[in-house]
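Trainee: I would like to go through this model with a few questions on burial and packing. Where should we begin?

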Amino acid sequence: MQDVARTVLEDFRNGHPETFNSAFETLFHMYQHTVYGWLLRIVRNPAAAEELTVEAFWRIYRAHARLDPSRGFEAWARTIATHAAIDWLRTQKAETELLVDVPATPTGDPAISAEIRRKTAAAFARLPPKLRVAAVLAVVEELPHKEIAATLGISVTAVKVRVFRALRLLRTDLQQQGITP
């Protein structure tokens, strides 16, 4: 089985017309759910994740010559998908403007808890895309910094810095909305 996977990766990378399309189709069928799930974790929007899955595989198709079969396909595909997600996040506008001087309220009421969740989600949406991706993967998805670093193509230290900056911005944003984190 591992020899078959290696052959598919080699056929995809080499781009020979007689084997390239079937190798791409095989990889698409093997990894489309993985890539979709990864993108959904980042963008938190099923429709956008579907569109980004197609975009990611289009980018994978065009970048076939850069694949290193010895390193595997999944990590490479997640890296490309992450960059597609960051590009998409950059085009999105924050849903609401920051409110100034909103009084804090107790959190015992479910409606208030729902409001806090909504405001927290809006604060996440206002983060710069690179910080948002790192924060979502580290704080919400609780992925290890090492895995995030490998996927984003940055160092573990850079991941920690991005998460720290994102949390600092979130804290400031939430305080401006009257929520004490």
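Trainee: Which helix holds Thr82, and is Thr82 buried or exposed?

Mentor: This is a predicted model. In it, Thr82 lies in helix H4, which spans residues 74-91. The cut-off for buried is under 20% relative accessible area. Because its relative accessible area is 1%, Thr82 in H4 is buried.

Trainee: Which residues does Thr82 touch, leaving out those up to four places away in sequence?

Mentor: The count sets aside residues up to four places away in sequence. What remains for Thr82 is Trp38, Ile42, Val133, Thr151 and Leu152.

Trainee: Which helix gives the most to the largest nonpolar core?

Mentor: That core has 41 residues, and Phe12, Ile42, Val43, Ile60, Phe73 and Trp76 touch the most other members. Helices H1, H2, H3, H4, H6, H7 and H8 each supply at least two of its residues. With ten residues, the helix that gives the most is H2.

Trainee: Which residues is Phe12 in contact with, beyond its neighbours within four places in sequence?

Mentor: Phe12 is among the core members that touch the most others. With neighbours within four places in sequence left aside, its contacts are Phe20, Ala23, Phe24, Leu27, Ile60, Tyr61, His64, Leu67, Phe73 and Trp76.

Trainee: Is Val140 buried, partly exposed or exposed?

Mentor: Val140 is in helix H6. Together with Val139 and Leu167, Val140 makes a nonpolar surface patch of about 190 Å². Partly exposed lies between the cut-offs of under 20% for buried and over 50% for exposed. Because its relative accessibility is 37%, Val140 counts as partly exposed.

Note on methods:
Residues are numbered from 1 along each chain as its sequence is written. This is a predicted model: local features need pLDDT of at least 70, side-chain atom pairs count only at pLDDT 80 or more; totals for chains, interfaces and linings use all residues. Side-chain values use heavy atoms; hydrogens and water are left out. Helices (H or I, at least four residues) and strands (E, at least two) are DSSP runs, numbered from the N terminus. Buried means under 20% relative accessible area, exposed over 50%, partly exposed in between (1.4 Å probe, protein chains only). Contact means heavy atoms within 4.5 Å. A nonpolar core is a set of buried Ala, Val, Leu, Ile, Met, Phe, Trp, Tyr and Cys residues joined through side-chain atoms within 4.5 Å. Patches are made of residues with over 30% relative accessible area and no salt bridge: like charges are joined within 9 Å, nonpolar side chains (Val, Leu, Ile, Met, Phe, Trp, Tyr) within 5 Å. Accessible areas come from the Shrake-Rupley method with a 1.4 Å probe; for residues, only the protein chains shown count as cover. A salt bridge is a side-chain nitrogen of Lys or Arg within 4 Å of a carboxyl oxygen of Asp or Glu.
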